[in-house]
Amino acid sequence: MTVALPAHESGSVNARPKEGIRPPLLFLCHRIPFPPNKGDKIRAFHLLKHLSQHFEIYLASFVDDPQDWQWSVELEKLCSAVFLRPLNTQAATLRSLWGLISREALSIPYYTDFRLRNWVRRCVIDQDIRHALVFSSQMAQFLPDDEHDFRRKVIDFVDVDSEKWEQYSQHKPWPLNWIYAREASALFSLEKELAEKFDAGLFVSRSEADLFKQLSPSTAHKVSFYNNGVDSDYFDPMFEHDSMAANPFSPDELPLVFTGAMDYWPNVEAVLWFARVVFPVLQKVHPNISFTIVGGNPDKSVQLLSNIDGISVTGKVADVRPYLKYARAAIAPMRIARGVQNKVLEAMSMARPVIVSEKGLEGIDATDRLEVLVAESAEDYVVTVNELLDGQHNSVGEMARSCVRRRFCWDDNLPEVVLLLEESENTFRQEYEQ
């Protein structure tokens with residue numbers, strides 16, 4: 001059944017016929033899950049795509065990038081209905097200040113939207129939806145109250161967000177450190193409350209799930225995880241490309257590369273540290289070494305790094321794979337991180353040696369000096385890069401790709417979510433057939 005949508009919202013309509021008997025599923029996501037070009041969107045898209053094979057999806061989400069409105073048609077291929085709302089980040093930031101008065105996490109009023117809330121309420125009633133998948137804790141506020149009889153509610157927390165804000169508070173001056181510490185405390189209270197209310201809470205890795213179990217032992221029995229995956233057929237060093245996607249580096253370069261959204265503070269902090277602390281030391285030994293920062297919306301501080309000889313800032317690129325394919329190594333010097341770094345998995349899938357911090361490797365079961373190269377201090381990075389350029393660790397790239405193909409496949413990891421909904425799905429089928 002199609003849910004009528006106002007044209008000014010998303011223009012989304014029912015785009016595929018129902019195949020067999022599928023229960024309807026409400027899918028709430030804080031950011032439009034297409035295109036899958038950054039961490040949370042990659043995970044949300046593959047989860048949505050997999051669940052669409054088992055459920056009729058009713059998706060409600062926000063659009064924070066005007067260029068993403070065009071992708072609603074792609075979501076319509078997977079969903080029975082799509083409802084998208086614009087998210088003005090400046091207005092949302094001002095709105096979030098209400099949390100200081102209401103004593104709730106600032107991210108709750110940041111995403112407050114009455115039209116989305118009303119659409120969800122009508123959709124749940126009209127379609128008699130009894131299954132809900134909430135992607136990120138901020139979206140739980142849009143579920144109808146306890147009067148509605150959901151058979152199964154599953155929340156994908158992805159990361160322990162409260163711990164990320166706690167890390168932020170330790171790296172920021174006053175008053176930001178106070179605000180971030182407050183947000184960490186408020187978010188943890190919310191995460192714990194939701195873990196109690198939902199039938200299952202999922203995280204991006206075993207280490208994230210174990211951390212939350214330690215922080216909230218009373219809900220440990222409801223907590224699980226499923227690993228991210230990588231499209232290793234796409235991120236394949238043997239991919240075919242045209243002349244526009246040829247080697248982006250000059251023949252005499254010794255290129256190192258960092259990939260990621262460059263308006264995301266942990267990424268910004270990582271490249272600033274590497275560019276200012278590590279790279280000058282490497283240049284003294286290898287004058288032809290270069291450091292290329294690849295990713296959209298680079299922060300002003302990142303843009304200024306292009307003034308340093310040997311450092312390039314590309315901004316958004318059409319295809320990141322040539323930068324990975326031809327780099328001597330991918331660098332992931334994360335000093336602030338939560339969950340799994342897709343940039344690390346993608347570089348591994350491209351058979352590149354990845355020099356990564358311990359925080360950047362969290363949630364990725366890979367062996368140091370065999371499948372990745374772990375470095376912490378500036379000296380560690382200098383030594384490891386020098387070893388690579390001297391011909392050591394030649395097998396790390398191929399071993400990295402083999403690791404990803406074994407352990408990080410979406411088709412292997414996503415059935416966990418369906419299993420959490422399977423009992424009530426079977427109940428739906430029995431009732432429908434009767």
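1. Quick vocabulary first: helices (H or I, at least four residues) and strands (E, at least two) are DSSP runs, numbered from the N terminus. So when I write β4 or α8, that is the numbering I mean. Also keep in mind that this is a predicted model.

2. Let's start with strand β2, residues 56-63. Is this strand enclosed or open? Buried here means under 20% relative accessible area. By that test 8 of the 8 residues of β2 are buried, so the strand is largely enclosed by the rest of the structure. In a regular strand, side chains alternate between the two faces of the sheet. You can follow that here: Glu56, Tyr58, Ala60 and Phe62 sit on one side of β2, Ile57, Leu59, Ser61 and Val63 sit on the other, and both sets are buried.

3. Now the neighbours of β2. Strand β1 (residues 24-29) pairs with β2 in the parallel sense over 6 bridges, and Leu25 has Ile57 as its bridge partner in β2. To get from β1 to β2, the chain passes through helix α1 (residues 39-51), and this β-α-β crossover is right-handed. Strand β3 also pairs with β2 in the parallel sense, over 6 bridges. There, Val63 has Pro86 as its bridge partner.

4. Have a look at Ser80, in the loop between α2 (72-76) and β3 (81-86). With a relative accessible area of just 1%, Ser80 is buried. What does the side chain of Ser80 touch? It makes a polar contact with the side chain of Glu56, at 2.6 Å. Glu56 is one of the buried residues of β2, so the contact partner brings us back to the strand from point 2.

5. Asp68 is another loop residue, found between β2 and α2. Asp68 counts as buried because its relative accessibility is 7%. The C-alpha atoms of Asp68 and Phe34 are separated by 7.5 Å, although the two residues are 34 apart along the chain. Phe34 deserves a second look: its peptide bond to Pro35 is cis, with omega near 0 degrees. Pro35 belongs to the loop between β1 and α1.

6. How many salt bridges does a search of the whole structure find? The total is 22. One of them joins the side chains of Glu74 and Lys77, at 3.2 Å from N to O. Both residues of that pair are partly exposed: Glu74 has a relative accessible area of 25%, and Lys77 comes in at 47%. Arg31, Asp40 and Asp64, meanwhile, are linked in a network of salt bridges.

7. Two more salt bridges make a nice contrast. Lys164 and Asp161 meet at 3.8 Å, N to O. They are 3 residues apart in helix α7 (residues 161-169), so about one helical turn separates them. Both are buried, Lys164 at 15% and Asp161 at 12%. Then there is Arg407 with Glu371, whose closest N and O atoms are 3.7 Å apart. Arg407 lies in helix α15 (residues 396-407) and Glu371 in the loop between β12 (354-356) and β13 (373-374), so this pair ties together parts that are 36 residues apart in sequence. Arg407 is partly exposed at 29%, whereas Glu371 is buried at 3%.

8. On to the surface. Leu94, Leu97, Trp98, Leu100, Ile101, Trp174 and Trp178 form a nonpolar patch, with about 890 Å² of accessible area together. Which helix gives the largest share? That would be α4 (residues 98-102), with 3 residues. Trp178 sits in helix α8 (residues 176-197) and is partly exposed, because its relative accessibility is 49%. Trp174 is also joined to Pro175 by a cis peptide bond, omega about 5 degrees. Pro175 is in the loop between α7 and α8.

9. Last, some backbone oddities. Most residues other than glycine have a negative phi, and most peptide bonds are trans. Ser136 has a positive phi, near 90 degrees. Its place is the loop between β4 (131-135) and β5 (152-158), and at 5% relative accessibility Ser136 counts as buried. Val158, in strand β5, has a positive phi too, near 70 degrees. Val158 is buried, with a relative accessible area of 13%.

Note on methods:
Residues are numbered from 1 along each chain as its sequence is written. This is a predicted model: local features need pLDDT of at least 70, side-chain atom pairs count only at pLDDT 80 or more; totals for chains, interfaces and linings use all residues. Side-chain values use heavy atoms; hydrogens and water are left out. Patches are made of residues with over 30% relative accessible area and no salt bridge: like charges are joined within 9 Å, nonpolar side chains (Val, Leu, Ile, Met, Phe, Trp, Tyr) within 5 Å. Accessible areas come from the Shrake-Rupley method with a 1.4 Å probe; for residues, only the protein chains shown count as cover. A salt bridge is a side-chain nitrogen of Lys or Arg within 4 Å of a carboxyl oxygen of Asp or Glu. Buried means under 20% relative accessible area, exposed over 50%, partly exposed in between (1.4 Å probe, protein chains only). A polar contact is a pair of N or O atoms within 3.5 Å; within protein, one must be able to donate a hydrogen and the other to accept it, and residues adjacent in sequence count only if both atoms are side-chain atoms. Two strands pair if DSSP finds at least two bridges between them. A crossover is right-handed if, with the strands pointing away from the viewer, the path from the first strand over the helix to the second runs clockwise.
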